[in-house]
Each structure stands twice: as structure tokens, then as C-alpha cells.
Amino acid sequence: MACFGNTMEEEEENKAAWLLGIKTLRIQPYHLPPPGPHDVKVGIKALGICGSDVHHFKTMRCANFIVKKPMVIGHECAGIIEQVGCEVKTLAVGDRVALEPGISCQSCSLCKHGQYNLCPQMKFFGSPPTNGALANKVVHPANLCFKLPENVSLEEGAMCEPLSVGVHACRRAEISPDTTVLIMGAGPIGLVTLLAARAFGAPRVVIADVDVRRLSFAEKLGADKILQVSKNIEDIGEEVRKIQNAMGSRIDVSFDCVGYDKTTTTALNATRSGGKVCLVGLASSEMTLPLTPAAAREVDIVGIFRYRNTWPLCLELLRTGKIDVKPLITHRYKFSQEEVEEAFETSANGGNAIKVMFNL
């Protein structure tokens, strides 16, 4: 039973950025699905471009997720409640909210055990075949919309999504004030992992990357030491020694925020015996790794997929100032055909772009 509906006028007003083909985005009408009693309609006000969005934009796929038909793109978002279903008691029209973009089935064994991020029936904004959120308005379950504290902006609310990846990684790796940390990769996810590790109390964080500009950015965000590494797999032994010397002590946990043979191999070799490697980036679908030596040293390997139960903590970290994501937003665009195209090209080209944000 729906407690409110869309008039045809309202539907015609709603526009979204549709991915139609490789590097082909068009702003076109987006007719929303009928909202239910536990849903809300949200006017999207801030949305960031994610690496997975860029993969879809450049190749029409990200890992095993393939775009087979036109799809609304985008999932890092925040907005303002415009309508609420009759069963929604915790939100009201006018509330500013951050949206968790994945809708799980809530009935499979993984969901029932709290691991809903692994739900095989997950419907995730902008992940084929589910439409995303780069639109004027979306309909979403109320329990996946989190009210923003007064001192947290809509842009910061949208940044809860990438920050959640870093928070979930730090939880999985059990980061604490006793944990020294190595991060492979100074892209957006490596940087939010750096911020999360600091918030979790990590006393020393070293970050390595091939790009000196991103390393400079990481240093400004508070990395204790930055190291430029090469793409040459033959350099691993020497680079491991440089990384260990830069740490100045043993490396308890390494985060691979890239996901290539070289970065994961470096992390496995650099981490102390009895330590832990957390695989965050998934650039390669398959890798060849020195697992036997790592197993002999009892180096634990854990993976993460997106996040779960992170929005309340992310919002609290932003509210209290323990994490500041604002410096990560390097580029801003409006929601027009020309600027949507320019924004995705900017994000795809890398360079000095960290987080590209739309203001709708």
C-alpha cells in the first residue's frame, strides 16, 4: 500500500543522468517507482563521483557488474526529504539526510546474521541493473536515510559513503591505538582509510603510491610518512625495506587500497609476522600472490565489500570533528548536461582531482 504518490507533473520534473554507452551520459526524464509506506522521497542536493562510477563511465562495467541497458549513475549522495510514507516515524519533510545506497533483501541468512552488505539480492544505487541517484529526486527506504547533525553539511553527508569504506576496513582490521598502519594507494579510498585509521587511534600511518601529487595530499591530511613507489614488480624487495624503514617500527596492519599483484604482494611482505593485511581495492579480478610465505608467518588476510552499519558512526565522527572530509572535495559541478560530462571527464582523468562533487 502506498501512502503517497507522484503526480505526472512531478514525474516529468524529475531528471537524471543516464549512462547510455561508453562515455555517453545524458540528462533525461526519470520516472520514479511508486513509493511505499516505509519510503521517503528525497531531493538530491549533493552527490560525489566514485571510482566505480568512473569504471562504468569508461567501460560500461566494474568488475563483474556489467551495464547492459541505460542506467542512472551515482550513489554517494545526500539530500532533503520532500515526502514521507505513512509508516515513517523517524523522518519529516525538510530533514537533511545522507543515504545509504544499498537495499538488501533482509531475509537471507547473511542479512539475518548482520552481514547485509554481502546479500546476493542487494540492490545498490548505480550498480547494474539498479538505477542510481544522480537525479533531482529519488525514492528510498526511510531506514537507509540518516538525519544529518546541524553542523554537518550536505556535501559531508554525501561523503559518508566513501568514508564508510574506510570505517568498515578499520573495523575488519581491528585498528586501535596499538596498531601501526601501512596504506597502499593514496586515491580517494586510501585517503578516507587514512582518516578512519587516525580516528580509530592508529599512532603511525605510512602511505605509499606511484603519484607524487596524491602523496602530497596524503601528507597534508596527516600521514606520518609518504613514499613514492614504482609500478615495476621487480622493485618489491627494495620497496618493502624502504616502507619498513619509513614506519620506524613493525607494521601491524596493511591496507591495500589498490588491488594489483604488486600492491598486495608488497603489503603481504611488509606486514609483520602475526599481522594483518586488509584487501580494500579490487582493481584485479584475479591475482598471483606469495601466500605460502605469508601463511608461514601467520599473516592474516581479510577482505571487505563496501560496508555495513557505518552511517551512524561516520556522522558522529563528522559531527565531533574527529574526521574532516571537506579537504577531499577538490572539484564541484552543477547538474547540467555540459557540467555532468565535464565532471566525469575530470574524475576519469585523475590528475589533481580527488573527489568530484555535484551540487544539485
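Two strands pair if DSSP finds at least two bridges between them. In this predicted model, that rule applies to strand 3 and strand 7, which are joined over eight bridges, and within this pair Gly43 stands opposite Ile80 in strand 7. The briefing below covers the antiparallel strands, the parallel sheet, the enclosed and open spaces, the cysteines, and some details of the backbone.

**Antiparallel strands**

- Strand 3 covers residues 39-48 and strand 7 covers residues 76-84, and the two pair in the antiparallel sense.
- The residue of strand 7 that faces Gly43 is Ile80.
- Strand 7 is also joined to strand 8 (residues 96-99), by four bridges, and these two strands run antiparallel.
- In the pairing with strand 8, Gly79 stands opposite Val97.
- In a regular strand, side chains alternate between the two faces of the sheet.

**The parallel sheet and its helix**

- Six strands form an open sheet with parallel pairing, and their order is 15-14-13-16-17-18.
- Strand 15 (225-228) and strand 18 (300-303) are the edge strands, as each of them pairs on one side only.
- On average, neighbouring strands of this sheet are turned by 20° against each other, with direction ignored.
- Helix 9 (residues 261-270) packs on the sheet and touches strand 13 (180-184), strand 16, strand 17 and strand 18.
- The direction of helix 9 makes about 165° with that of strand 13.
- Within the sheet, strand 16 (residues 253-256) runs parallel to strand 17 (residues 276-279), and four bridges join them.
- One residue of strand 16 that can be followed across this pairing is Ser254, whose bridge partner in strand 17 is Val277.

**Pocket and cavity**

- The second largest pocket holds about 330 Å³ of space.
- This pocket is lined by 16 residues, of which Pro33, Ile103, Phe125, Thr130 and Val139 are the closest to its centre.
- Strand 10 (123-124) and strand 11 (137-141) are the elements that give two or more residues to the lining of the second largest pocket.
- Strand 11 contributes the largest share of that lining, with four residues.
- The structure also holds one cavity of 30 Å³ or more.
- The space in the largest cavity is about 50 Å³.
- The residues that line the largest cavity are Glu100, Gly102, Tyr116, Asn117, Met122, Phe124, Arg306 and Tyr307.

**Cysteines**

- A disulfide is a pair of cysteine sulfur atoms within 2.5 Å, and by this rule the count in the model is zero.
- For Cys257, the closest cysteine sulfur is that of Cys278 at 7.8 Å, so the two atoms are too far apart for a bond.
- For Cys278, the closest cysteine sulfur is in turn that of Cys257, also too far for a bond.
- Buried means under 20% relative accessible area; Cys257 therefore counts as buried because its relative accessibility is 13%.
- Cys278 counts as buried as well, because its relative accessibility is 0%.
- Cys86 has its place in the loop between strand 7 and strand 8.
- Cys86 counts as partly exposed because its relative accessibility is 34%.
- Although Cys86 and Asp39 are 47 residues apart in sequence, they are 8.7 Å apart in space, C-alpha to C-alpha.

**Details of the backbone**

- The peptide bond from Pro128 to Pro129 is cis, with omega near 5°.
- Pro129 is found in the loop between strand 10 and strand 11, and these two strands also give residues to the lining of the second largest pocket.
- Lys23 has a phi near 55°, which is a positive value in a residue other than glycine.
- The position of Lys23 is in the loop between strand 1 (15-21) and strand 2 (24-29).
- With a relative accessible area of 45%, Lys23 is partly exposed.
- Glu298 likewise has a positive phi, near 55°, in a residue other than glycine.
- Glu298 lies in the loop between helix 10 (291-296) and strand 18, and strand 18 is an edge strand of the parallel sheet.
- Exposed means over 50% relative accessible area; Glu298 counts as exposed because its relative accessibility is 61%.

Technical notes: Residues are numbered from 1 along each chain as its sequence is written. This is a predicted model: local features need pLDDT of at least 70, side-chain atom pairs count only at pLDDT 80 or more; totals for chains, interfaces and linings use all residues. Side-chain values use heavy atoms; hydrogens and water are left out. Buried means under 20% relative accessible area, exposed over 50%, partly exposed in between (1.4 Å probe, protein chains only). Axes are lines fitted to C-alpha atoms, for helices over the stretch in contact, and angles run from 0 to 180 degrees between N-to-C directions. Contact means heavy atoms within 4.5 Å. On a 1 Å grid over the protein atoms alone, a cavity is a set of points where a 1.4 Å probe fits but cannot get out, and a pocket is an open set with protein on both sides within 12 Å along at least five of seven lines; lining residues have an atom within 4 Å of a point. Grid points are joined across faces, edges and corners, and a volume is the space filled by probe spheres set on the points.
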